[in-house]
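Here is a friendly walk through one protein chain. Have a look at the sequence and the model, then read on.

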Amino acid sequence: MKAYPLISSFNGGELSPLLGGRPDAEKYQAGLSLCENFIPRVQGALIRRGGTRYVAETKDSADRSWLVRFEFSVSDAFVLEFGDGYIRFYKGRGVYEDTPGHTYEVTTVVGGDPIPWSLADLTDADGSLALRYVQSADVIYFAHPLHPPHKLTRVANNDWRLEPLPFRAGPFKDQNIDKAVTVTASAATGSGITLTATSGHAIFQPDHVGSFFYLEQNDSGGIKPWFAHSFCNNSSSITVGAKCVSDGKYYTCTATGAAPRAGQITGTVKPEHTEGRYWDGDGLDDLTDHIYAEIGVEWEYNHSGYGWVQITAVAVDGESCTADVVSLLPDQVVTAGSYRWAHAAWSDVEGWPSCVTFFRQRLTFARDQRLWFSVAGDYENFAARPFDQIEPDSAMNLLIASARGDTIQWLAPVDRLLVGTGGTVFAIGESTTTQPFGPVGPNARSEDQALTGSAGVQPVVVPGAVVVVEKAGRILNEIAYDASANKYGELDLTVFAEHMTLSGIIDATFVKQPHSMICCALADGSLRAFTYMKAQGVSGWHRHPLGGSGAVESVVSIPSPDGRRDDLWMIVKRTIDGATKRYVEYLSSEYQDGDDPALIAYADASILYSGGALSTLPDLDHLEGCTVSIKADGASHPDRVVTGGEVVLERSCTKAVVGLPAAARARLMPLEAGGGVGSSQGKPKRVNRLMARLYNSQGGRFGPDFTTMEAVEYRTPGDAMDAALPLFTGDKVVEFPGDYDGAATIALLCDQEFPFTLVAMAPEVTTYDN
């Protein structure tokens, strides 16, 4: 019997061989058994991907490097190349040069020290990027477990400044509670003071140098509280140097009135200032209430019962250190010492944060199972109780309540802060909606979402969900809020294509426009992509082997210079003329209405030429010794081998695309055409011919496999053989070269440098029931 099944969608992408017996599955009807260098569009069509454009060789091809995105706006975006002690910049689809011919780089931090992240530091044990980063306007904040947090600030396009994050306060560890171990300061202020611990207690280590150290007085030290009209018994008076405490803040009297009578008494304005000097009254004599004294004195803010220093050197015995005072120390820690001390939470001794993000207007760091949140809106301030007051916007830290000791792998802020560990995912947010997220209450809690553990790959935030790599690196999990369960749930996005990620995902990025796809670099150098639009229920995997067997090591996306699309940028490891090269390349646009087909690349590591007529194409040193495909003035040209950085053409042209050939291949799942009795699966059948509905296409061949194929015919007898043809939109009928078999497989091959979009297909299938 004959059947004419209509195949109207290919957006199921490449499916697992394990689905080969499921023609009843909805996914099967739109799926492929192979999808290579094609992109399944959300609308259902199958479109050939554009080629990659060569931008530049990395600074040192012998070493691995990584790409980081910087997007100030849609029209103002950079790609940053991080390598062994350097940062390079790319803008406008090219290398950024501060002067013509000179690549702009950052190789030092402010002050002249070298960039802290070495080649070994940049790559984690699982092959992913070990450096975590988050952007706020013109500043990128970085976290690395072996180094202090840094920030990179764009002052101008040719002026980027890297510096250690200049924290103003905290964070600190929990205070010491052993009253037998005290620390005494040699002075309350100044540089080069000495801190001395109780004999026999080596609490300082050499790696504490550079970190903060906190000291709090044991008690008020007998200093009386301020109150209005104090010292008014005509027998006492306040004198310069007197001290008081008001709302936990300590002050010293710095001026009084003229005192023609009994003395000075306080006014009625309560001291609350946290810097400088202010009067609590007018300082004038008051005769009206028969209190013969000056009303009001001037108070200078000293401290809030604590202060901190920065350690500059540590004694050999570890019992003392030299330090510079950052915030004035209480007198008591100088005269009597204090057991209320604390080391910084971050140092070379304690370790540094490994993750960073923003949440509720707070710069947020994480390490192990603890998170630190800055003062709201003040990203470099981690003061937990400034001026002895805990406010809703004060900094805080939060320990994840977990029965397991899995460390935090990533942070993803959505409506709540999702925290991924090796064992599960936590959601952090407010305990109650009546107060802001913060330390008052405290109004913050973490909840175990009972989800799968994660690898160290930074998650991809997409509309309506967060997509994370599970701990083995082989599964992409969608994490989205489930209102019915009042918690986050997960969905395995690789369940129908588990074979696509077997070597493990090491990097991922979201390319929103125009294809809405997540692009993944795998440990074996493969590039995989996943068309994904949650709102439309569309998802499908596709593979993208690069021409010349290039291995993809890093991926990132930024808006294109014209804002029409997102550009996928890659670092590609290649073997060129027997040598290892690493190139920065980006995925160029496939043909769109209005483009010039002669200048659309479908080869990889390609270059474009447009100008006067040439018979020799130069500027191909990056492909020396390689066989390249050529499109000349929009028409096919025989392949050539690059010699001396150029190729000689058989005919001159004014427009050309030259690069490494990257054929696109697709193969349908075994056809289910129906039989006279039951299914057609396994029954002898033959595809006689097929109708291919195309859009803006040229080239393409169909057949039962990739060796026995029939080309789609576009050229008529009147067309010149070496001239470019207009792109075709409409239906083409192809006589199918196959024979009878049990699968009736249909394969598609595009191995010329032309656009190709398959909108639908209708094969004519003859099935024998016996």
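Tyr133 has Phe142 in β15 as its bridge partner. Strands here are DSSP runs of E with at least two residues, numbered from the N terminus, and two strands pair if DSSP finds at least two bridges between them. β14 and β15 (residues 139-144) run antiparallel and are joined by five bridges. Before going further: this is a predicted model, where local features need pLDDT of at least 70, side-chain atom pairs count only at pLDDT 80 or more, and totals for chains, interfaces and linings use all residues. Residues are numbered from 1 along each chain as its sequence is written, and side-chain values use heavy atoms, with hydrogens and water left out.

Now zoom out to the sheets. β14 and β15 belong to an open, antiparallel sheet of four strands in the order β14-β15-β16-β17. Since β14 (132-136) and β17 (159-164) stand at the edges with a single partner strand each, one side of each is left without a neighbour in the sheet. Another open sheet, also with antiparallel pairing, has four strands in the order β35-β36-β37-β38. Its edge strands, β35 (408-413) and β38 (445-448), each pair on one side only. As a bit of background, strands of a sheet pair through backbone hydrogen bonds, either parallel or antiparallel.

Here are three strand pairs side by side:

| Strand pair | Bridges | Direction |
|---|---|---|
| β14 and β15 | five bridges | antiparallel |
| β36 and β37 | four bridges | antiparallel |
| β41 and β42 | six bridges | antiparallel |

In the β36 and β37 pair, Gly420 stands opposite Val425 of β37. Over in the β41 and β42 pair, Glu478 faces Leu491 of β42. β41 and β42 make a hairpin with four residues between them, and Asn486 in the turn has a positive phi of about 55°.

Next stop: a serine in a loop. Ser347 sits between β30 (340-343) and β31 (355-359). Is Ser347 buried or exposed? Ser347 is buried, with a relative accessible area of 1%. (Buried means under 20% relative accessible area, exposed over 50%, and partly exposed in between, with a 1.4 Å probe and protein chains only.) The Ser347 side chain reaches the backbone nitrogen of Val349 at 3.1 Å, and one of its polar atoms lies 3.1 Å from the backbone nitrogen of Glu350. Leaving out residues up to four places away in sequence, Ser347 touches Asp207, His208, Ser211 and Trp352, where contact means heavy atoms within 4.5 Å.

Let's turn to the nonpolar cores, which are sets of buried Ala, Val, Leu, Ile, Met, Phe, Trp, Tyr and Cys residues joined through side-chain atoms within 4.5 Å. The largest one has 28 residues, and those with the most contacts inside it include Phe38, Phe702 and Ile746. Elements giving two or more residues to this core include β3 (31-36) and β55 (685-697). β55 gives the most, with four residues. Phe38 touches, among others further than four places away in sequence, Leu46, His542, Cys750 and Phe756.

And the cysteines? A disulfide is a pair of cysteine sulfur atoms within 2.5 Å. How many disulfides are there by this rule? The count comes to zero. For Cys750, the nearest cysteine sulfur is that of Cys35, 11 Å away. Cys750 is buried, with a relative accessible area of 2%, and Cys321 is buried with a relative accessible area of 2%.

How values were computed: A polar contact is a pair of N or O atoms within 3.5 Å; within protein, one must be able to donate a hydrogen and the other to accept it, and residues adjacent in sequence count only if both atoms are side-chain atoms.
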